[in-house]
Amino acid sequence: MAFAPDLLVHLCGRDEWSRARKCGEIRPDASGGGRFIHLSTPDQVHLPANRLYRGRGDLVLLHIDPARLDSEVRWEPGVATDPASMLFPHLYGPLPANAVIRVTDYRPGPDGAFPPAGDGT
């Protein structure tokens, strides 16, 4: 893909991030097929957040430097309800904790909906 952003994000719970810091990485979830780790750009992360985690108050955004990733990132379609032709980055391998350059809370609004993260807020 010609588009190569300077920043990607991964959405997870605080507990998952705590475990990842201790073991040094996040691995693809075996219960979800174990093929890749879902990533997003800051402008699109609200789509999976609202689909999967609406109203959840314990989420963080892991801000990732793509240059620090050891495994392949493929840009692939999300789900049918995502905007037409939108592609999401999928990491085909572990996410090293040292690729995370910043962590921010990602909280829903009063209605339970998550906003786009935009500039990585």
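1. Strands β3 and β6 are paired through 2 bridges, in the antiparallel sense. The model is a predicted one. Across this pairing, His38 stands opposite His90 of β6. Strand β3 covers residues 37-38, and β6 covers residues 87-92.

2. On β6 there is also a pairing with β5, again antiparallel, and it counts 6 bridges. Here Trp75 is the residue that stands opposite Pro89 of β6. Taken together, the three strands form an open sheet in the order β3-β6-β5. Its edges are β3 and β5 (72-77), each of which pairs on one side only. As general background, strands of a sheet are held in pairs by backbone hydrogen bonds, in either a parallel or an antiparallel arrangement. Strand β6 is mostly covered, with 5 of its 6 residues buried.

3. Gln44 belongs with this sheet when its contacts are listed. Its place in the chain is the loop between β3 and α2, the helix of residues 46-53. Outside the four places on either side of Gln44 in sequence, its contacts are Trp75, Met86, Leu87, Phe88 and Pro89. A polar atom of the Gln44 side chain lies 3.2 Å from the backbone oxygen of Leu87. Is Gln44 buried or exposed? Its relative accessible area is 5%, and because the cut-off for buried is under 20%, Gln44 counts as buried.

4. A separate set of pairings involves β4, residues 59-64. With β1, residues 8-13, strand β4 pairs in the antiparallel sense over 6 bridges. One of the matched positions is Leu8, whose bridge partner in β4 is Ile64. With β8, residues 100-105, strand β4 also runs antiparallel, and 5 bridges join the two. In that pairing Val60 stands opposite Asp105 of β8.

5. Why is β4 described as largely enclosed by the rest of the structure? The reason is that 6 of its 6 residues are buried. Leu59, Leu61 and His63 point one way from the strand, while Val60, Leu62 and Ile64 point the other way, and all of them are buried.

6. The largest nonpolar core has 17 residues, and the members that touch the most others are Trp17, Leu62, Ile64 and Leu95. At least two residues of this core come from each of β1, α1 (14-23) and β4. The element that gives the most is β4, with 3 residues. A second core of 9 residues is separate from it and includes Val9, Leu11, Val45 and Leu59.

7. Trp17 deserves a separate look. Not counting neighbours within four places in sequence, Trp17 is in contact with Cys12, Val60, Leu62, Ala97, Val100 and Val103. Among these partners, Val60 and Leu62 are on the side of β4 that also carries Ile64.

8. Tyr106 lies in the segment after β8. Its relative accessible area is 3%, so it is buried. Leaving out residues up to four places away in sequence, Tyr106 touches Leu11, Val45, His46, Ala49, Leu59, Val60, Leu61, Phe114, Pro115, Pro116 and Ala117. Two of the partners from β4, Leu59 and Leu61, point one way from that strand, and Val60 points the other way.

9. Two distances help to place Tyr106. A polar atom of the Tyr106 side chain lies 2.3 Å from the backbone oxygen of Pro115. The C-alpha atoms of Tyr106 and Leu62 are separated by 9.7 Å, with the two residues 44 apart along the chain.

10. The largest pocket has a volume of about 720 Å³. Its lining is made of 31 residues, and those closest to its centre are His10, Ile37, His38, Leu52 and Tyr53. Which elements each supply at least two residues of the lining? They are β1, β3, α2 and β6. The largest share comes from β1, which gives 5 residues. In the pairings above, β1 is joined to β4, and β3 is joined to β6. His38, listed among the residues closest to the pocket centre, is also the residue opposite His90.

Note on methods: Residues are numbered from 1 along each chain as its sequence is written. This is a predicted model: local features need pLDDT of at least 70, side-chain atom pairs count only at pLDDT 80 or more; totals for chains, interfaces and linings use all residues. Side-chain values use heavy atoms; hydrogens and water are left out. Helices (H or I, at least four residues) and strands (E, at least two) are DSSP runs, numbered from the N terminus. Buried means under 20% relative accessible area, exposed over 50%, partly exposed in between (1.4 Å probe, protein chains only). A polar contact is a pair of N or O atoms within 3.5 Å; within protein, one must be able to donate a hydrogen and the other to accept it, and residues adjacent in sequence count only if both atoms are side-chain atoms. Contact means heavy atoms within 4.5 Å. Two strands pair if DSSP finds at least two bridges between them. A nonpolar core is a set of buried Ala, Val, Leu, Ile, Met, Phe, Trp, Tyr and Cys residues joined through side-chain atoms within 4.5 Å. On a 1 Å grid over the protein atoms alone, a cavity is a set of points where a 1.4 Å probe fits but cannot get out, and a pocket is an open set with protein on both sides within 12 Å along at least five of seven lines; lining residues have an atom within 4 Å of a point. Grid points are joined across faces, edges and corners, and a volume is the space filled by probe spheres set on the points.
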